[in-house]
Amino acid sequence: MSTQYKTHQEGAKQFNKNPDRVTWHDKALWFVREKRDKSAHSIPEWEELREIASQIKAHSLSNLNGYLMQFEEKANANGVHVHWAKDAQEHNEIVHSILAKHEVKNVVKSKSMLTEECGLNPYLNDKGIEVVDTDLGERIVQLANEHPSHIVLPAIHKKKEEVGELFHKHLNTEKGASDPTYLTGAAREHLREKFLNADAAITGINFAIAETGGFVVCTNEGNVDMGANLAPVHIACMGIEKLIPKVEHLGVFLRLLARSATGQAITTYSSHFHKPADGKELHIVLVDNGRTEQLGREDFRKSLNCIRCGACMNTCPIYRRSGGHSYTYTIPGPIGAILSPGKDLKKHSSLPFASTLCGSCSDVCPVKIDIHMQLYKWRQLVMKETNYDKSKQIGMKFAGKAMGSPTLFNLIGKMGNIFLKGPRALIYNGLNAWGIDRELPVPTETFDDWYKQNGKKNEQ
Ligand code: SF4
């Protein structure tokens, strides 16, 4: 499921119509980034952990076929039903067939970006099944009829006052109330009733372990445990890249995940599932949906290392100032911008350009994905294979020519110098996107003139 905008620029423009929101969104995410830094720096072996995690992922992805077969065999032996889905449609059909068999009408679902990716909620709603998202942030965006704007903090774009209004409308809380403790209490009461009446629970999976056939789901709210332990049927949906070979590898990822996501040493609940409880059913749906194709793209396969911590979003200056809904793909931010072009290059052609290529995303990534390099490579493919913004190509060709000729470069420098001293309206007008919110300093001389006067002197 994608967002409503055709390009990232369009969505960013919309988000920036409210400068106050942009400022606190930026600050809120930078606060999380700082918590992450503090937490990561408290572990001397942090870089070693990142390297080990990256190597485990590289090994798992290179041997994915074997590990998936091993996982299925072990899970089956544990009494778990394992299903394979080649795409989103098949995933949704499988989930629905399980629910239909049990005549399920009410489902509680914990946070799962995979089910967002597959558009599971609207699919099940169309079949007459109510799906209630039980993560607080997810429930907020669900009540607002929106998509998550962040993979870890789905409602980060909403102010507590907006949540108060939403809860007043849907949960009958006091009008004007925006105290987070009060609102959380109301949500807890509302969700408890949903948990108690659910016929089935759907969860995501953070890590599945080939050698045991078990899996782990991480939450801070315990909603996975409430759902999966109360309902008679538990369906866990997982992208095939979430597999790790051994239990001993789990510690590496759990230490990295929580610290990178929120700065916590560990998520409040790391819930392990191995087999169904007596009299209950446990299903796992293994989903491809374009992952094997991405695996075959040498330049981009490392994107499958992702453990969905959200750190690349929190650090990204573009994401922080354009908001998650400005992206044209379910997963926003830098990681979404390198996963989405593989799904539909034309549709998501604007996303690889939603970056300064500063490399901060790659620096914080706990599994060492070379995100900014992949963005750069997708840009080249977009320009080669789509009609995306040809003016950029013309501009770059011109810049290449200018930089290849000192005479032309100096001439442009001199002309620019005169131009920048000209009437303000020539620079700051509707035709110049760079002039919005940016003031250029008034130039005094060109670099060439400066160098002629000072360069030799400074070299001595
Ligand atoms: S790409 Fe890296 S930093 Fe971004 S969400 Fe995935 S694991 Fe986290």
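**A sheet, a helix across it, and salt bridges**

Helix H12, which covers residues 250–261, lies across strands S5, S6 (214–219), S8 and S9, and the helix runs at about 175° to S5. Everything described here belongs to a predicted model, and a good place to begin is the sheet that this helix crosses.

The sheet is open and has four strands in the order S8-S5-S6-S9, with mixed pairing. Strands S8 (243–244) and S9 (269–273) stand at its edges and have a single partner strand each, so one side of each is left without a neighbour in the sheet. In general, the strands of a sheet pair through backbone hydrogen bonds, in either a parallel or an antiparallel sense. Here, S5 (residues 207–209) and S8 pair in the parallel sense, over two bridges, and alanine 208 has leucine 243, in S8, as its bridge partner.

From the sheet we can turn to contacts between charged side chains, since the structure holds 23 salt bridges. One of them joins lysine 194 to glutamate 130, with the closest N and O atoms 3.5 Å apart. Lysine 194 lies in helix H10 (residues 180–196) and glutamate 130 in strand S3 (residues 130–133), so this pair ties together parts that are 64 residues apart in sequence. Lysine 194 counts as buried because its relative accessibility is 18%, under the 20% limit for that class, whereas glutamate 130, with a relative accessible area of 33%, is partly exposed.

Another salt bridge is formed by lysine 377 and aspartate 299, whose closest N and O atoms are 3.8 Å apart. This pair also links distant parts of the chain, 78 residues apart, for lysine 377 is in helix H18 (residues 371–385) and aspartate 299 is in the loop between helix H13 (291–295) and helix H14 (311–315). Lysine 377 is partly exposed, with a relative accessible area of 26%, and aspartate 299 counts as partly exposed at 41% relative accessibility.

A salt bridge can also be found within one helix: the side chains of lysine 452 and aspartate 448 meet at 3.1 Å, N to O, and both residues lie in helix H22 (residues 447–459), four residues apart, which is about one turn of the helix. Lysine 452 counts as exposed at 60% relative accessibility, while aspartate 448 is buried, with a relative accessible area of 19%. Elsewhere, salt bridges that share partners join Glu117, Glu241, Arg291, Arg308 and Lys343 into one network.

Technical notes:
Residues numbered from 1 in each chain as written. Predicted model: local features only at pLDDT ≥ 70, side-chain atom pairs only at ≥ 80, totals over all residues. Heavy atoms only, no water. Pairing = 2+ DSSP bridges. Contact = heavy atoms within 4.5 Å. Axes fitted to C-alpha atoms, helices over the stretch in contact; angles between N-to-C directions. Salt bridge = Lys/Arg side-chain N within 4 Å of Asp/Glu carboxyl O. Buried < 20%, exposed > 50% of the residue type's maximum accessible area, 1.4 Å probe, protein only.
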